[in-house]
Amino acid sequence: MSRTRPARAFGPRPVRRPRSQPRPTRMKAADVLRVGGAGLRTRPTRVLLSALGIALGVAALIAVVGVSASGRENLDRRLDALGTNLLTAAPGKTATGAAAGLPPDAVAMVARIGPVEAVSAIGKTGAKVYRNDRIPPQESGGIGVYAARLDLPATVGTSLAHGTWLNPANEGYPAVVLGPVAAARLGVRAPGPDVQVWLGRRWFTVIGILAPAPLAAELDTAALVGWPEARRDLDFDGNPTTVYTRADNASIADVAAVLGATANPANPNEVEVSRPSDALAAREAADDALNGLLVGLGSVALLVGGVGVANTMVISVLERRAEIGLRRALGATRGHIGTQFLSEALLLSVLGGAGGILLGSAATVGYSTYRHWPAVVPPWAMAGGLVATLVVGVCAGLYPALRAAHLAPTEALAAA
Amino acid sequence: MTAPGPLVELAAARKDYGTVTALDATDLTVVPGELVAVVGPSGSGKSTLLTIMGTLSRPSRGTVRIVGHDLDSLTDRRLSALRATTIGFVFQQFHLPPGPVVDAVADGLLYRGVARRRRRELAERALNRVGLADRVGHHTHQLSGGQKQRVAIARAVLGDPPLLLADEPTGALDSHSGNVVMELLRELHHDGTAVVIITHNQDIAAAVPRRIALRDGRIVHDSAVDVVDVADGVDVADMETLR
């Protein structure tokens, strides 16, 4: 219709009539990040609070996994130090329910098993031990008096905290070595020639105090005397009650299988064979159930954080309709707009996730230091935390991004 | 390259929003290098016309061609690409993001696959063109209204689009700033860009070679073709101004 052309210095800009349809361009990754980041920079407080939700969730997950891993690492190190090749054989019950015993030559027989490296034993006596001769007999303090073989500390992997261990020279005399708990209950701080306890109706000299024995906790509350002395003065029958066996690590299962029959060939089913390191590991494993619950709670926190991000993004889309309209006017496709808001949600989540990993790691290090554990935050947990935040970010960002992308440009501009 | 054809061709274009007809039976052609003012009372369909010319919405009926492309034949993606390469927009509310002025202008080529460094170079040149070379390092919130609109214009023409659509470009400005902005639009037109200005301002309309008057969604006057639908009752005073 219009053919009027105003006067102008230059001709009208020639318009290329494209033969093909116009082709949209893909945004460069750096531009996607920059545009997404710009959206976050303009609302720092809200971004910080939404990221905090994600951060707390991730921190909870990392801390639970980290503390559990640190505890396990601590246990592993202890077991490494103590060795996992200790087996104990103790008398169980007879078929009639009475307490069984081990034959006197159990130690010698067990020592004949090929892969066995060391064998030792203790035998429970009927004697009681007291601080002095004025204590009423019933106040025995829960301390057991055992006859001990000389190679006991080496075999169970414990050492003396103070003083000396029994030796061939004193094992036939009234000398006693106390477990650390027993020593505390008897009020003995340090051994010495004049430190004596009232044991089996006579005075015994305390010559040493054991360090705690994690693999043989019964020794902590024990008073240990020499085997010959126990037989002579404490009515000990010479039957070992617990046989401690160190065996070659590779053959430990085989040794465990034959230990009962070897220690008591007559009644092999009356012997209880156990591996104390397993008990320690099992106690740690029992914590896994609790850890599972905590991880579940952490996941819920992360989900709630994700809902927070989604909420922030939905509000952001509503508030920024004019910006969306302008970007469509500048030539942004629906995909460009969707990508922008999705990248914003992802950045928000990753920001929270990174914060959460730092926070969770700090909590793990703090708790481990407090417990004197080695601090361990497994890399897979950190990677998992990051992946989880990415998943949460995508889920939280998808709906707002789609909403933004499908906003009609005219409607968006009209909102201004 | 072929001979210049029309930039915008509307044939019997109609736009409905639900039961409301915002634009009806509209025929309009804008050729390269034109300077056009679209006037009309509120609700007369000016903005609808602009969004259709700007490919921001599609007509409910009729045909719209932009540089030869039929809007109906293009997907939303291709339409966006067409918009990015062909049309620049200037709005009454400027729509400048917070941050450096140069980045706000550089956004004009964000969706055309131009590298950031190159965008910023072009942005500085465009700011120079609109007389704001000394504001390159400023932030958008530090500018006056007139300066903001000039920044928005720099952004709109960054990719050298053949068509610039301005929706009330002086509506939020005082008369001095408005004059500066109009002068700038005239310069752009002078340099070969087709400029379509929607305005309430009769003085602006009067100073433009081609004037289109809208009422109730129809073109009641086009100074280029001299179509006057007197039956629709155009205000005599309006007509005087428009002629």
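Here is a short tour of the two chains, their overall dimensions, the domains of chain A and some helix packings. The model is a predicted one, so please read every value below as computed from it. Chain A has 12 helices and 11 strands, while chain B has 8 helices and 11 strands. Chain A has a radius of gyration of 37 Å, where a compact globule of its 416 residues would be near 22 Å. Chain B, by contrast, agrees with the globule value for its 243 residues.

**Overall dimensions**

- The C-alpha trace of chain A spans about 130 × 45 × 40 Å along its principal axes.
- For chain B, the C-alpha trace covers about 55 × 40 × 40 Å along the principal axes.
- Chain B has a radius of gyration of 18 Å, and a compact globule with 243 residues would come out near 18 Å, which agrees.

**Domains of chain A**

- The domain assignment splits chain A into domain 1 (29-78 + 282-414) and domain 2 (85-281).
- Taken over C-alpha atoms, the centres of domain 1 and domain 2 of chain A lie 56 Å apart.
- Contact between these domains involves 6 residues of domain 1 of chain A and 5 residues of domain 2 of chain A.
- On the side of domain 1 of chain A that touches domain 2 of chain A, helix H2 (44-82) and helix H8 (276-319) of chain A each contribute at least two residues.
- H8(A) gives the most to that side of domain 1, with 4 residues.
- Sorted by class, that side of domain 1 holds 3 nonpolar, no polar and 3 charged residues.

**H2 against H11 in chain A**

- H2(A) packs on helix H11 (residues 379-405) of chain A at an angle of about 155 degrees, with the axes 10 Å apart.
- Angles over 145 degrees count as roughly antiparallel, and H2(A) and H11(A) are therefore roughly antiparallel to each other.
- The crossing of H2(A) past H11(A) is right-handed.
- From H2(A), the contact draws on A:Ile54, A:Val58, A:Leu61, A:Ile62, A:Val65 and A:Gly66.
- Facing them from H11(A) are A:Ala381, A:Met382, A:Gly385, A:Ala388, A:Thr389 and A:Val392.
- The residues of this contact divide into 9 nonpolar, 3 polar and no charged.

**H10 against H11 in chain A**

- H11(A) also packs with helix H10 (residues 334-370) of chain A, at about 150 degrees and with the axes 7 Å apart.
- That angle makes H10(A) roughly antiparallel to H11(A).
- H10(A) and H11(A) cross in a right-handed sense.
- In the contact of H10(A) with H11(A) there are 20 nonpolar, 10 polar and 1 charged residues.

**H5 against H6 in chain B**

- In chain B, the axes of helix H5 (residues 145-156) and helix H6 (residues 175-190) come within 9 Å and cross at roughly 15 degrees.
- Angles under 35 degrees count as roughly parallel, and the angle here makes H5(B) roughly parallel to H6(B).
- H5(B) passes H6(B) in a right-handed crossing.
- The H5(B) side of the contact is formed by B:Gly145, B:Gly146, B:Gln149, B:Arg150 and B:Ile153.
- Meeting them from H6(B) are B:Ser177, B:Val180, B:Val181 and B:Leu184.
- By class, the residues of this contact divide into 4 nonpolar, 4 polar and 1 charged.

Terms used
Residues are numbered from 1 along each chain as its sequence is written. Chains are lettered from A and ligands numbered from 1 in the order in which they are written. This is a predicted model: local features need pLDDT of at least 70, side-chain atom pairs count only at pLDDT 80 or more; totals for chains, interfaces and linings use all residues. Axes are lines fitted to C-alpha atoms, for helices over the stretch in contact, and angles run from 0 to 180 degrees between N-to-C directions. Angles under 35 degrees count as roughly parallel, over 145 as roughly antiparallel, 65 to 115 as roughly perpendicular and the rest as oblique. A crossing is left-handed if the near helix is turned anticlockwise from the far one by less than a right angle, and right-handed if clockwise. Two residues are in contact if their C-beta atoms, placed from the backbone, lie within 7 Å. Ala, Val, Leu, Ile, Met, Phe, Trp, Tyr, Cys and Pro count as nonpolar, Asp, Glu, Lys and Arg as charged, and the others, Gly among them, as polar. Domain bounds come from an automatic or database domain assignment. The radius of gyration is taken over C-alpha atoms; the globule rule is 2.2 Å times the number of residues to the power 0.38.
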